[in-house]
Amino acid sequence: MNSFKCPQCRGSLNPKDDITLLAKNEDGEKALILLNKAMGNYTMYKDPHFHMQDNAFIELFCPVCRVNLASLTPHSNLAKLLLVDKNGKEYDIFISGIMGEKCSYKVRGGKVELFGKDANKYSGVLSKIFGS
């Protein structure tokens, strides 16, 4: 089973099926959100009273150590997670913090895999840093 972890503290982010993150909207409100762990699936669950407008930037934090996951990336709109697969291989995962953007990236050994209809938006930045 794949396990998602915080790249800073290595705390578990998916104790069951979904990835759990702390989110902060543009109004400064905070809430936990659940993201589908399948690459390219952008299903999200949140409290209906937590407002997240399309095209708005949402800060994403580790719920364990509270690090801002965007502070660990080459682009301020992205958040970084760590994926450990069933064989113990580790991958850097980057997801967009912009509501409505459907893009995520899986990076290992200079190879960048793109997911989502908006994946080309940050692929150039990641390719320059990590390879092709």
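## Exercises on a predicted model

At 40% relative accessibility, Arg10 counts as partly exposed. Keep this residue in mind, since we will return to it; the structure is a predicted model, and each exercise below comes with a worked solution.

### Exercise 1: the overall fold

Work out which secondary structure elements the protein has and in which order they follow one another along the sequence.

**Solution.**

Step 1. Begin with the inventory: there are 9 strands and 1 helix.

Step 2. Now walk along the sequence, where the pattern reads β-β-β-β-β-β-β-β-β-α. The radius of gyration is 14 Å, close to the 14 Å that the globule rule gives for 132 residues, so the protein is as compact as a globular protein of that length.

Step 3. Add the outer dimensions: along the principal axes, the C-alpha atoms fill a box of roughly 40 × 30 × 25 Å.

Step 4. Finish with burial and contacts. Of the 132 residues, 41% count as buried. Among contacts between residues at least 6 apart in sequence, 41% join residues at least 24 apart.

### Exercise 2: surface and charge

Describe the accessible surface of the protein and the placement of its positive and negative charges.

**Solution.**

Step 1. The accessible surface comes to about 7,100 Å², and carbon and sulfur atoms account for 47% of it.

Step 2. For the charges, take the 18 positive and the 14 negative ones as two groups; their mean positions lie 7 Å apart.

Step 3. Side chains of opposite charge can pair when their charged atoms come close. In this structure there are 5 salt bridges, and the next exercise looks at some of them.

### Exercise 3: three salt bridges

For the pairs Arg10 and Glu90, Lys121 and Glu101, and Asp118 and Lys117, find the N to O distance and decide how buried or exposed each partner is.

**Solution.**

Step 1. Back to our opening residue: the side chains of Arg10 and Glu90 form a salt bridge with an N to O distance of 2.6 Å. This pair links distant parts of the chain, 80 residues apart, with Arg10 in the loop between strand E1 (3-5) and strand E2 (19-24) and Glu90 in strand E7 (residues 90-96). Glu90 has a relative accessibility of 33%, so it counts as partly exposed, and Arg10 is partly exposed too, at 40%.

Step 2. In the salt bridge of Lys121 with Glu101, the closest N and O atoms are 2.6 Å apart. Lys121 lies in helix H1 (residues 120-130) and Glu101 in the loop between E7 and strand E8 (104-108), so the pair ties together parts that are 20 residues apart in sequence. To classify the partners, recall that buried means under 20% and exposed over 50%. Lys121 therefore counts as exposed at 52%, whereas Glu101 counts as buried at 13%.

Step 3. Asp118 and Lys117 meet through their side chains at 3.5 Å, N to O. Asp118 is partly exposed, with a relative accessible area of 21%, while Lys117 is exposed at 65%.

### Exercise 4: positive phi angles

Where do Arg10 and Asn55 lie, and what are their phi values?

**Solution.**

Step 1. Arg10 lies in the loop between E1 and E2, and its phi is near 65°, a positive value in a residue other than glycine.

Step 2. Asn55 belongs to the loop between strand E4 (44-45) and strand E5 (59-61). Phi of Asn55 is near 70°, again positive in a residue other than glycine.

Step 3. Check the accessibility of Asn55: with a relative accessible area of 64%, Asn55 is exposed.

### Exercise 5: three residues and their contacts

Place Ser3, Asp18 and Leu114 in the fold, then list their contacts, leaving aside neighbours within four places in sequence.

**Solution.**

Step 1. Ser3 sits in strand E1 and is buried, with a relative accessible area of 18%. Its contacts are Asn14, Leu82, Leu83 and Val84.

Step 2. Asp18 is in the loop between E1 and E2 and counts as partly exposed at 21%. Asp18 touches Leu13, Leu34, Leu35, Asn36 and Tyr45. Asp85, 67 residues away from Asp18 in sequence, is 15 Å away in space, C-alpha to C-alpha.

Step 3. Leu114 belongs to strand E9 (residues 111-115) and is partly exposed, at 37%. Its contacts are Ser104, Tyr105, Ala119, Asn120 and Ser123. Between Leu114 and Cys103, 11 residues apart in sequence, the C-alpha distance is 7.4 Å.

Terms used: Residues are numbered from 1 along each chain as its sequence is written. Side-chain values use heavy atoms; hydrogens and water are left out. Helices (H or I, at least four residues) and strands (E, at least two) are DSSP runs, numbered from the N terminus. The radius of gyration is taken over C-alpha atoms; the globule rule is 2.2 Å times the number of residues to the power 0.38. Buried means under 20% relative accessible area, exposed over 50%, partly exposed in between (1.4 Å probe, protein chains only). Contact means heavy atoms within 4.5 Å. Accessible areas come from the Shrake-Rupley method with a 1.4 Å probe; for residues, only the protein chains shown count as cover. Lys and Arg count as positive and Asp and Glu as negative; His and the chain ends are not counted. The place of a charge is taken as NZ of Lys, CZ of Arg, CG of Asp or CD of Glu. A salt bridge is a side-chain nitrogen of Lys or Arg within 4 Å of a carboxyl oxygen of Asp or Glu.
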